[in-house]
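Hi,

Here is the structure I promised to pass on. Have a look at it first, and my notes on what turned up are underneath.

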Amino acid sequence: MDDQDPGLRLVHLLRAVTMELDLFAAEFAGRHGLHPTDVRALVHLLDAAREDVRATPGWLGAQLGINSASTTALVDRLERLGLVRRERDTQDRRRVLLVVREEAVTLGWSFFGPLIHEMVDSMRSFDEAELAVVRRFLLAMRDVAAAGRGVRRDGPGGR
């Protein structure tokens, strides 16, 4: 592909934003003795809660692309650190749900909050129509990336 292709230039810019956010998340993980997968797990669980998705260990493992033994070790670690808790599902007592503890939310906001506020403030320079186009673009890029991994996107963050 031609480096001057507008689509390719956007792909490179999207990759650069992703890299910056990954580095930011890695800094958070390092400061708090977490593995990058721990941070990704917490994000998935927070997104699930926001979308009213009942997050089970199996669901989390599928989101992260890890096996059940790795998922159990991950959840055990997050529980030991006081970041998540296991709860019995009130609709199906055989099922265990994963819930992010308020302490984890507070910890995340203390680190990511200033960045999130700056990002939202920066978005105020765009009108609603522009933001709608950006949203449509980001959803399409997310779906293309997920499809490339063989993942169907109909959970948190969906349309």
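Let's start with L45. Leaving out residues up to four places away in sequence, L45 touches A55, W59, L60, V84, L98 and V100. Do keep in mind that this is a predicted model.

Where does that residue sit in the bigger picture? L45 belongs to the largest nonpolar core, which has 22 residues, and together with L60 and L78 it is among those with the most contacts inside that core. Several elements feed into it: α1 (6–31), α2 (36–50), α3 (57–64), α4 (68–80), β2 (96–100) and α5 (102–123) each bring at least two residues. The largest share is from α2, with five residues.

L45 turns up again in the second largest pocket. The lining there is made of L45, L46, A48, A49, D52, V53, R54, A55, L97, L98, V99 and V100, so you'll recognise A55, L98 and V100 from the list of residues that L45 touches. Two elements, α2 and β2, give two or more residues each to this lining. Sorted by class, ten of the lining residues are nonpolar, two are charged and none is polar. The space inside comes to about 200 Å³.

How far does the predictor trust all this? Average pLDDT for the protein chain is 92, and 94% of the residues score at least 70. The stretch to treat separately is residues 155–159, where pLDDT is below 50. In the model, that stretch still has 14 contacts beyond its near neighbours in sequence.

Cheers

Notes
Residues numbered from 1 in each chain as written. Predicted model: local features only at pLDDT ≥ 70, side-chain atom pairs only at ≥ 80, totals over all residues. Heavy atoms only, no water. Core = buried A, V, L, I, M, F, W, Y, C linked by side-chain atoms within 4.5 Å. Buried < 20%, exposed > 50% of the residue type's maximum accessible area, 1.4 Å probe, protein only. Helix = DSSP H or I, 4+ residues; strand = E, 2+ residues; numbered from the N terminus. Contact = heavy atoms within 4.5 Å. pLDDT = per-residue confidence, 0-100. 1 Å grid on protein atoms, 1.4 Å probe; cavity = no way out; pocket = protein on both sides within 12 Å on 5 of 7 lines; lining within 4 Å. Points joined across faces, edges and corners; volume = space filled by probe spheres on them. Nonpolar A, V, L, I, M, F, W, Y, C, P; charged D, E, K, R; others polar.
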